[in-house]
Amino acid sequence: MAAAFLPWEKWLARLLHPIAVATKRRLYRIRRRRSLTRSQHWPQTQGTVLVINWDSSCPREEILYSYTTEQGYQSGSHWHWFDRLDPRQVRVGDQIVVRYDPDNQQESVFLQFCP
């Protein structure tokens, strides 16, 4: 059974949703900055986008990727936020650059898309 929202509930949702999205995006940027700093001296390798999952509650998509290290195939994920300045459309099979922890090669940080 579908829920019917009262007019004031719809108004409140329209008011709070942009605030929630902005908060999530800000927290993501903080965590990403920390991850990039922490991984600054890790080795880099090329990876491949395997799956793209759309997040219907935020303007973003989850990118699942794989990459190869000395210990074999590994996988990771990255949130790609939609941005008007970078309207890139990610596709399965796209090449990316990641850094991985040499001590725990299953831990990786997405760096960029390959041109």
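This is a short walk through one protein model, from its confidence values to its core and two buried residues.

Keep in mind that the model is predicted. Mean pLDDT for the protein is 91. Of its residues, 97% reach 70 or more. Strand 4 has the highest mean pLDDT among the elements, at 97. Helix 1 has the lowest, at 90.

Now the core. Which residues make up the largest nonpolar core? There are ten. The valines are Val49, Val90 and Val98. The isoleucines are Ile63 and Ile96. Then come Tyr65, Tyr67 and Tyr100, plus Phe110 and Phe113. Three elements each give two or more residues to this core: strand 2 (60–69), strand 4 (95–100) and strand 5 (108–113). In soluble globular proteins, nonpolar side chains tend to be buried together.

Take one core member, Val49. Set aside neighbours within four places in sequence. Val49 is then in contact with Ile63, Leu64 and Tyr65, with the run Val90, Arg91, Val92, Gly93 and Asp94, and with Ile96.

Next, His78. Find this residue in strand 3, residues 72–81. Is His78 buried or exposed? His78 counts as buried because its relative accessible area is 9%, under the 20% cut-off. Beyond four places in sequence, His78 touches Tyr28, Arg32, Glu61, Glu62, Ile63, Tyr65 and Phe110. Among those contacts, Ile63, Tyr65 and Phe110 belong to the core.

Last, Ser39. Look in the loop between helix 1 (7–38) and strand 1 (44–55). Ser39 is buried too, with a relative accessible area of 0%. Leaving aside neighbours within four places, Ser39 is in contact with Arg99 and Val109.

Note on methods:
Residues numbered from 1 in each chain as written. Predicted model: local features only at pLDDT ≥ 70, side-chain atom pairs only at ≥ 80, totals over all residues. Heavy atoms only, no water. Core = buried A, V, L, I, M, F, W, Y, C linked by side-chain atoms within 4.5 Å. Buried < 20%, exposed > 50% of the residue type's maximum accessible area, 1.4 Å probe, protein only. Helix = DSSP H or I, 4+ residues; strand = E, 2+ residues; numbered from the N terminus. Contact = heavy atoms within 4.5 Å. pLDDT = per-residue confidence, 0-100.
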